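Subject: Handing over the structure

Hi there,

Here is the structure I promised to pass on to you. Please open it alongside this note, and then read on for what turned up in it.

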Amino acid sequence: MLRRRTQEEDSAALIDMAPRAGKGDSYGSTANTLEPGGHQAAACRVGSPAKPRIADFVLVWEEDLKPGQQQDTTTRDKTDMHGDWRETFLDNLRAAGLCVDQTQALPSGGLSHPEFLGSDNQDTFFSNTQRHQILFEILAKTPYGHEKKGLFGIDQLLSEGVFSAAFPLHDGPFMTPPEGLQAPGLNQRQVLSQHWARWRKWNKYQPLDHVRRYFGEKVALYFAWLGFYTGWLLPAAAVGTLVFLVGCSMLFSDTPTQELCSSADSFEMCPLCPDCPFWLLSSICALVQAGRLFDHGGTVFFSLFMALWAVLFLEYWKRKSATLAYRWGCSDYEDIEERPRPQFAASAPTMALNPITGEDEPYFPERSRLHRVLAGSVVVVMMVAVVVMFLVSIILYRAIMAILVSKSDNTVLAAWASRIASLTGSVVNLIFILILSKIYLALAHVLTRWEMHRTQTKFEDAFTLKVFIFQFVNFYSSPIYIAFFKGRFVGYPGNYHTLFGIRNEECAAGGCLIELAQELLVIMVGKQIINNVQEILVPKLKGWWQKVRLRSRKRQAGAAVAAGRAPWEADYELLPCEGLFDEYLEMVLQFGFVTIFVAACPLAPLFALLNNWVEIRLDARKFVSESRRPVAERAQDIGIWFHILAGLKHLAVISNAFLLAFSSDFLPRAYYQWSRARDLRGFVNFTLARAPPAFAAAHNRTCRYQAFRDDDGQYSRTYWNLLAIRLAFVIVFEHVVFSIGRVLDLLVPDIPESVEIKVKREYYLAKQALAENEALFGAGGAKDNQPLAQEMRLGPQA
């Protein structure tokens, strides 16, 4: 039965499929109880009235109607419309066979305390997570108005504000009872909290089967991938740290660096802007020494190592993923078992026969979907253009800032002008990145819904691809510019090239590679720090505010804030679960930084490893203790994220080849050793060109600049020789890495042999069972099908 709500209340509908029970499990059922004020809490039961029931799903709505409060016509009409939609929705759920209890958190006489009891006859045909999945499927399809107008499903009701929340209940509290782990009857949430979501478990394997049982395959696969990736970062971090230490040991023994630092006033450099002063090359000694930490022969080895590391990582993850998918019985989920999305089913204009299942299903023409995808792609390209515009503005900012700082009377500050401009530009770029990310995320949601993808997997893949293309340009555009374009189109003294009237940027003192390393550290490490701070502080602040807000409403309604809260109340005070997209995106972008630009920063894998050790436990704590329980979803792999990782792997090979060839000093040094001096004496003078006579005459003094040009400003023979060597190096490096990667791909099978044998065994048993069944029916008509059912139930656990 339903009862009238009081003036100000939080209401909840507790939804269940059928009665079930179990001794000792008192979390999540309702029974008719008397409230302190004498009212009776509503409870709808299926089956015998004497049997209490366990609530599987909770719908919550809030109303704020204080006595005597006046509302304008628009607000009152909206409230009435929401109320009608809500009642229609709940009536349709009852018509679908669900048991719906309506109870109130704030009755006039005080806070309601429904009892949560068990029963002796628990139906275990469906697991807890399966019940949640079935219920959510019904909630997502149930209409509350005209379906063709989009008036259906719990998602739409949540977006309209008709309901405040919709979530399945946790199994119980996550805190361990006073008896500790020896206490009888620990629920799954407590087990995960103690053995998984604890900081001191950082060195333990994750209990993936328990995670899958409680949160579903999709969440379990994310944590499996994150743990696997973190484990593989260990050798990458160790080798990267070793390469960095080699650079440290070479810092004070490198001949060109010693020559530069001891050059005093031997090399007077040309001004960095029209009004800037001449400067001495020896003033950037510290910057050049810092650059040598990353730019040496060991970097070539490390780039090759990381390219092969990425190949092996993805190959072995395919094996791990196939093993988990088989063990969890979801190897063919997307092809055979996955049903159309509820939103697609309600909005599709026609029905068509599914050739696999032989059933009529909602259908949307592929040609129409293609047109929508193309239209959405135009919007994506426009947003990418916006990012490029911001990149150009950052470039102009750095150029202007460098000019302003270089005019300073402080000689040290003037010498560091390019570095200061680059550092502040990196910070501004990070701010732009974070702001644009939020805007585009909402836009991508709208575009993907409009494209009408049939299944949830296809929907998520399309959404992921859109966001990643944008985020790739957003996060990587500045490092790509520094690595491959900055300093390439500068010109020479007396004939400098300009952009919008401002002289093109040169590489900062010490070279572009050290500047790229700085950019990577600011964006990658800065983003990681910001994300971790957000994941630690924001949930606590939001959770605190949620509790304060709800308890304040109770006090305003004259209800005492009791210590014993209903379980659905306790779960409502938790934060909504926001899914896995942001978690995947953060890690995949990190993978890109670790692989694409690793030649510029060998310490990137170490920073990624340290971050991921923290990330695993943060995410585990968030799912177990800080967020409402998500609806368990099935999945057979990590989806399109794997293909994105594979694309980044190929891009990393090309990027590192060009970085080593064009941004590093590795090839110029090798060429100098081969053609001039083995000990590299005179290398600094070799890399500097003299200003043209016209420029020297105009300033009545000569100066040097970094380039391979003749005295008249034209490219020298050395430049063309080096260009040929660089292009040859790129071709050889790519072919060697791709060839080795292909060999490794062939040597490492995608599916472990043990899993292949089990799959073939199951296929054989299935054929044998079908053959025996046909023989039975052919011999004597209808027989008992139980042996067939037993054979067909043989699965991954057999």
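A residue counts as buried here when its relative accessible area is under 20%. The coordinates come from a predicted model, so please read everything below in that light.

**Helix α18**

With that cut-off in hand, let me start with α18, a helix of 16 residues that runs over residues 581-596. From its first C-alpha to its last it reaches 22 Å, close to the 22 Å expected at 1.5 Å a residue. How much of α18 is covered? Of its 16 residues, 15 are buried, so under the 20% cut-off the helix is mostly covered.

Thr 595 is a good residue to click on, as its place is in helix α18. Its relative accessible area is 2%, so Thr 595 is buried. Once its neighbours within four places in sequence are left aside, Thr 595 is in contact with Trp 309, Ala 310, Leu 648, Ala 652 and Asn 656.

**Cavities**

Helix α18 also comes up in the lining of the largest cavity. There are six cavities of 30 Å³ or more in the structure, and about 70 Å³ of space lies in the largest. Which helices supply at least two residues each to the lining of that largest cavity? They are α16 (512-556) and α18.

If you would like to select the lining, the residues are Met 524, Lys 527, Gln 528, Asn 531, Glu 586, Leu 589, Gln 590 and Phe 593. Sorted by class, the lining has three nonpolar, three polar and two charged residues. While you look at the helices there, keep the usual geometry in mind: an α-helix has 3.6 residues a turn, so residues three or four places apart point the same way.

**Disulfides**

Next come the cysteines. The structure holds two disulfides.

One of them joins Cys 261 and Cys 285, with the sulfur atoms 1.9 Å apart. Cys 261 lies in helix α7 (residues 255-261) and Cys 285 in helix α8 (residues 285-292), so this pair ties together parts that are 24 residues apart in sequence. In space, the C-alpha atoms of Cys 261 and Cys 285 are 5.0 Å apart. What is the handedness of this disulfide? The torsion about the S-S bond of Cys 261 and Cys 285 is about 90°, so the disulfide is right-handed.

The two ends of this pair fall into separate burial classes: Cys 261 counts as partly exposed at 27% relative accessibility, whereas Cys 285 is buried at 17%. Not counting residues up to four places away in sequence, Cys 261 touches Ser 282, Cys 285 and Gln 289.

The other disulfide is formed by Cys 270 and Cys 703, and here the sulfur atoms are 1.9 Å apart. Cys 270 sits in the loop between β7 (268-269) and β8 (279-280), while Cys 703 sits in the loop between α23 (693-699) and β16 (704-706), so the bond ties together parts that are 433 residues apart in sequence. The torsion about the S-S bond of Cys 270 and Cys 703 is about 85°, so this disulfide is right-handed. Cys 270 is buried, with a relative accessible area of 4%, and Cys 703 counts as buried at 1%.

Two further cysteines may be worth a glance. Cys 577 is partly exposed, with a relative accessible area of 29%, whereas Cys 601 counts as buried at 2%.

**Backbone**

Last, a word on phi angles. Most residues other than glycine have a negative phi. Ala 264 has a positive phi of about 55° although it is not a glycine. Where is Ala 264? Its place is in the loop between α7 and β7, and the residue is partly exposed, with a relative accessible area of 45%.

Leu 680 also has a positive phi, near 65°, and is a residue other than glycine. Leu 680 is found in the loop between α21 (666-675) and α22 (683-686). Is Leu 680 buried or exposed? At 9% relative accessibility, Leu 680 counts as buried.

Happy browsing, and all the best!

Definitions and conventions:
Residues are numbered from 1 along each chain as its sequence is written. This is a predicted model: local features need pLDDT of at least 70, side-chain atom pairs count only at pLDDT 80 or more; totals for chains, interfaces and linings use all residues. Side-chain values use heavy atoms; hydrogens and water are left out. Helices (H or I, at least four residues) and strands (E, at least two) are DSSP runs, numbered from the N terminus. The expected span of a helix is 1.5 Å times one less than its number of residues. Buried means under 20% relative accessible area, exposed over 50%, partly exposed in between (1.4 Å probe, protein chains only). A disulfide is a pair of cysteine sulfur atoms within 2.5 Å. Contact means heavy atoms within 4.5 Å. On a 1 Å grid over the protein atoms alone, a cavity is a set of points where a 1.4 Å probe fits but cannot get out, and a pocket is an open set with protein on both sides within 12 Å along at least five of seven lines; lining residues have an atom within 4 Å of a point. Grid points are joined across faces, edges and corners, and a volume is the space filled by probe spheres set on the points. Ala, Val, Leu, Ile, Met, Phe, Trp, Tyr, Cys and Pro count as nonpolar, Asp, Glu, Lys and Arg as charged, and the others, Gly among them, as polar.
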